[in-house]
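User: Could you take a close look at one part of this protein for me? I would like to see how one long helix sits among its neighbours, and I am new to reading structures.

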Amino acid sequence: METKNNYNSPDLNEKEIDIGELFSVLWDSKWLVVGVTTIFSLVAIIYSLSLPNIYQSRAILSPVGDSGGGGLNQVMKSYGGLASLAGVNLSSTDAGSNSVKALEKLRTLSFFEKNIMPNISLPDLMAVDYWDASNNKVVYDETIFDESTQTWLRDVEYPYTKVPSAQESFNVFVGHLQATKDIDTGFITISVKHQSPFIAQAWTELIIDQLNYFFRAKDKLEAQAAMDYLNIQMSQTSFSEIKLVIAQLLQQKMQQLTLVEANNFYVFDYIDPPAVMETRSEPVRSLICIIGAILGGIIGCLIVILRFFAGKQNTD
């Protein structure tokens with residue numbers, strides 16, 4: 001037992017000496033560590049200063065809810081059996097409120113292609129170099145877009161085209177966009193980031209306006225089609241009970257159509273409209289510099305330790 005303890009004690013002492021030696025080597029090479037840390041810090045500072053300022057415009061929205069669904073569904077429940085005798089299908093397949101559908105629609109290529117892309121300047125999305133704050137002007141990358149001739153100069157290969165396609169533009173646009181829903185309150189936040197705070201604010205407003213417009217137009221078309229169909233059914237049936245049901249449905253559809261026409265904020269209403277922000281949201285240059293300094297310190301220590309062990313192996 002005593003012999004085993006004596007056998008292990010040199011290893012333990014050696015490990016203690018190695019740790020002490022390691023700290024000693026790090027201290028002796030402290031200027032190397034400081035030098036590497038300084039280099040990484042300078043690189044981080046230069047990199048952070050090269051990044052453009054990004055501004056985020058945000059809107060907080062309150063969902064308006066379904067248009068006329070409550071009363072119409074009640075009529076369907078009350079008169080659905082009788083209406084089926086006349087061949088009128090009153091089954092409801094409610095997939096959720098328009099606000100829920102709008103959040104999904106916002107993330108689709110079709111919505112961007114038909115509602116957003118025609119209403120924005122494509123170079124503001126795909127060819128921005130920087131924003132000139134003094135003149136409130138977006139300066140474009142001359143290798144991508146020539147503003148004087150309004151021509152695209154991109155040198156791209158298939159599947160990309162010289163003029164950015166809807167799919168490529170959509171992928172870039174999604175990177176500027178953020179939409180979240182507060183589970184507790186139900187309020188929705190839609191925000192857009194851009195180098196120009198004015199464009200960020202304008203695009204945020206555009207998105208909300210187009211969402212309201214899209215669902216207004218969709219529900220208006222559906223309500224009008226339903227009214228046309230119900231009028232035809234009314235003329236074809238001779239049962240007074242069925243005519244009563246159809247009259248109730250027509251009244252509900254007319255109310256729905258009136259709401260569609262009268263309400264500009266059809267899906268979302270503003271709690272806090274988007275603003276032109278005076279302060280940037282990113283980059284956080286101080287954080288980039290701190291991370292660069294920490295990374296430089298770690299790499300400097302690793303260089304010293306690896307050099308120490310390499311030299312020790314050569315000596316052995």
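Analyst: Here is a walk around helix α8 and the parts of the chain that meet α8, with a few side trips at the end.

Let's begin with the whole chain. This is a predicted model, and its protein chain averages a pLDDT of 82, with 83% of the residues scoring at least 70. Two stretches deserve care. Over residues 12–17 the pLDDT falls below 50, and this stretch makes zero contacts beyond its near neighbours in sequence. Residues 90–96 also have a pLDDT below 50, but that stretch has 12 contacts beyond near neighbours in the model. Where pLDDT is low, the predicted coordinates should not be read in detail.

The chain contains 10 helices and eight strands. Of its 316 residues, 34% are buried. Take the contacts between residues at least 6 apart in sequence: 75% of them join residues at least 24 apart. Keep that in mind as we look at which parts meet.

Now to the chosen part. Helix α8 covers residues 197–236, and one of its partners is helix α4, residues 98–106. Two packed helices are described by the angle between their axes and the distance between the axes. For α4 and α8, the angle is about 120 degrees and the axes are 11 Å apart. An angle between 115 and 145 degrees is outside both the perpendicular and the antiparallel ranges, so α4 and α8 count as oblique to each other. Their crossing is right-handed. If you want to find the meeting place on screen, pick out N98, K101, A102, K105 and L106 in α4, then I207, L211, F214, F215 and D219 in α8. An α-helix has 3.6 residues a turn, so residues three or four places apart point the same way. Try reading the α8 list with that in mind: I207, L211, F214 and F215 are among the residues there that meet α4.

A second partner is α5, which covers residues 109–116. The axes of α5 and α8 come within 11 Å and cross at roughly 100 degrees. Angles from 65 to 115 degrees count as roughly perpendicular, and therefore that is the description for α5 and α8. On the α5 side, F111, N115 and I116 make the contact, while α8 brings L206, I207, Q210, L211, Y213 and F214. You will recognise some names: I207, L211 and F214 of α8 take part here, and these residues also meet α4.

Next comes helix α7, residues 166–176, whose buried residues are A166, E168, S169, F170 and F173. What covers them? The cover includes α8 along with α5, α6 (122–126) and strand β6 (177–181). Thus α5 and α8, which contact each other, both help to cover the buried residues of α7.

Helix α8 also has a visitor from a loop. P274 lies in the loop between β8 (268–272) and α10 (285–315). With a relative accessible area of 7%, P274 is buried, because buried means under 20%. Leaving out residues up to four places away in sequence, P274 touches S57, R58, A59, Q201, T204 and E205. Residues 197–236 form α8, which is where to look for Q201, T204 and E205, the last three residues on P274's list of contacts. A59 is a nice example of a meeting between distant parts of the sequence: P274 and A59 are 215 residues apart in sequence, yet their C-alpha atoms are 4.6 Å apart in space.

The loop that holds P274 also holds P283. There, a cis peptide bond joins E282 and P283, with omega about 0 degrees. Another cis bond runs from Y158 to P159, where omega is near 15 degrees. P159 sits in the loop between β5 (151–152) and α7, the helix whose buried residues α8 helps to cover.

One last stop, also in loops, concerns the backbone angle phi. N136 has a positive phi of about 50 degrees although it is not a glycine, and N136 lies between β2 (128–132) and β3 (137–140). Q150, likewise not a glycine, has a positive phi of about 55 degrees and lies in the loop between β4 (145–146) and β5. N136 is partly exposed, at 39% relative accessible area, whereas Q150 is exposed, at 53%.

Conventions. Residues numbered from 1 in each chain as written. Predicted model: local features only at pLDDT ≥ 70, side-chain atom pairs only at ≥ 80, totals over all residues. Heavy atoms only, no water. pLDDT = per-residue confidence, 0-100. Contact = heavy atoms within 4.5 Å. Axes fitted to C-alpha atoms, helices over the stretch in contact; angles between N-to-C directions. Helix = DSSP H or I, 4+ residues; strand = E, 2+ residues; numbered from the N terminus. Parallel < 35°, antiparallel > 145°, perpendicular 65-115°, else oblique. Left-handed = near helix turned anticlockwise from the far one by under 90°. Buried < 20%, exposed > 50% of the residue type's maximum accessible area, 1.4 Å probe, protein only.
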